[in-house]
Amino acid sequence: MKRKDNQYFKLQSPFKLRGDQPEAVKQLSRWVEKGHDQMTLLGVTGSGKTFTMASIIERVQKPVLLITHNKTLAAQLYSEFKEFFPENAVEYFVSYYDYYQPEAYIPSTDSYIEKDSAINEQIDRFRHSATTSLFSRRDVLVVASVSCIFGLGSPSDYAGLRVSLKVNQEMPRQKLVKDLIDIQYSRNDMDFHRSRFRARGETIDIFPASSELAIRVRFFGD
């Protein structure tokens, strides 16, 4: 997958910068461009801090990681930035556990509690969508909780676990099937959902882990 570097943040909003906002955008944008790594924007509730940050993002044109302290605020900011940047890749990256119980031992009762968890499939898709965008484009804004500080592994290893396809690309059918299996996709012609594929004759349907829609690949001739 070729990275698209010609895409730019485009802010869409009926609001206009007012009061101290224009100066804040000017100063903070300048400091970002100069490489300052610690800056603070202060403002009371309802003063337009989110819109001010969106204006800075459009001005500096750099990929953004926005970290919040919990899922609730992350979801709120994700929704707001989605409205500000509808044509750009605004992604949501939080812990995909709906429930997590670590293993434990209780000496007083000599009992052992097994680890148990439940993964939210929708949030898991959002996480895959975020990493896919980071590898394929530059206009990316990831809204995340503190779970993003836990590594996903080596970027080079992660990049190696993907299959790149484009229109009119030449590839043997069996190679595509093998490549999909190598990245942990399973073939199932009946139960078709995320991270699975099905093959019927010269047609292979692929359901990416990061998408709500499947992809159909057709092979012609040899």
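Select Arg-137 and Asp-139 to begin: in this predicted model, Arg-137 is buried and Asp-139 is buried as well. Show their side chains, and you will find that the two form a salt bridge, in which the closest N and O atoms are 2.8 Å apart. The count of salt bridges in the model comes to 9, and the next stops visit others from that count.

Now select Arg-187 together with Asp-189, whose side chains meet in a salt bridge with an N to O distance of 3.6 Å. Are these two residues buried or partly exposed? Asp-189 has a relative accessible area of 26%, so it is partly exposed, and Arg-187, at 47%, is partly exposed too.

Move along to Arg-196 and Asp-191, which form a salt bridge whose closest N and O atoms lie 3.2 Å apart. Here the two partners fall into separate classes: Arg-196 has a relative accessible area of 19% and is therefore buried, because the cut-off for buried is under 20%, whereas Asp-191, with 39%, is partly exposed.

For the next stop, select Arg-198, Asp-205 and Arg-216 together, since these three residues are linked in a network of salt bridges.

Change to a cartoon view and colour strands β8, β9 and β10. Strand β8, residues 186–187, runs parallel to strand β9, residues 196–200, and 2 bridges join them. In this pairing, Arg-187, already seen in its salt bridge with Asp-189, stands opposite Phe-197 of β9. On to strand β10, residues 203–207, which pairs with β9 in the antiparallel sense over 5 bridges; there, Arg-196 stands opposite Phe-207 of β10. While you look along these strands, it helps to remember that in a regular strand the side chains alternate between the two faces of the sheet.

Which residue takes a positive phi in the hairpin of β9 and β10? Select Gly-201, whose phi is near 60°, in the hairpin that has 2 residues between its strands.

Next, select helix α6, residues 173–182, and show its side chains. The buried residues of this helix are Leu-176, Val-177, Asp-179 and Leu-180. They cover an arc of only 165° around the axis, so they are on the same side of α6. Turn the helix to look at its other side, where Gln-174 and Lys-178 are exposed. What covers the buried residues of α6? The cover includes β9 and β10, the strands of the hairpin, and also β11, residues 215–218. Just after the helix, select Gln-184, which takes a positive phi of about 75°.

Finally, zoom out until the whole protein chain is in view, with its 6 helices and 11 strands. Its radius of gyration is 22 Å, well over the 17 Å that the globule rule gives for 222 residues, so the chain is more spread out than a compact globule. Along the principal axes, the C-alpha trace spans about 65 × 65 × 30 Å. Of the 222 residues, 32% count as buried, and the chain exposes about 14900 Å², of which carbon and sulfur atoms supply 53%. As for contacts, among those with a separation of 6 or more, 58% come from residues 24 or more positions apart.

Terms used:
Residues are numbered from 1 along each chain as its sequence is written. This is a predicted model: local features need pLDDT of at least 70, side-chain atom pairs count only at pLDDT 80 or more; totals for chains, interfaces and linings use all residues. Side-chain values use heavy atoms; hydrogens and water are left out. A salt bridge is a side-chain nitrogen of Lys or Arg within 4 Å of a carboxyl oxygen of Asp or Glu. Buried means under 20% relative accessible area, exposed over 50%, partly exposed in between (1.4 Å probe, protein chains only). Two strands pair if DSSP finds at least two bridges between them. Helices (H or I, at least four residues) and strands (E, at least two) are DSSP runs, numbered from the N terminus. The radius of gyration is taken over C-alpha atoms; the globule rule is 2.2 Å times the number of residues to the power 0.38. Contact means heavy atoms within 4.5 Å. Accessible areas come from the Shrake-Rupley method with a 1.4 Å probe; for residues, only the protein chains shown count as cover. The arc is that of the directions from the helix axis to the C-beta atoms.
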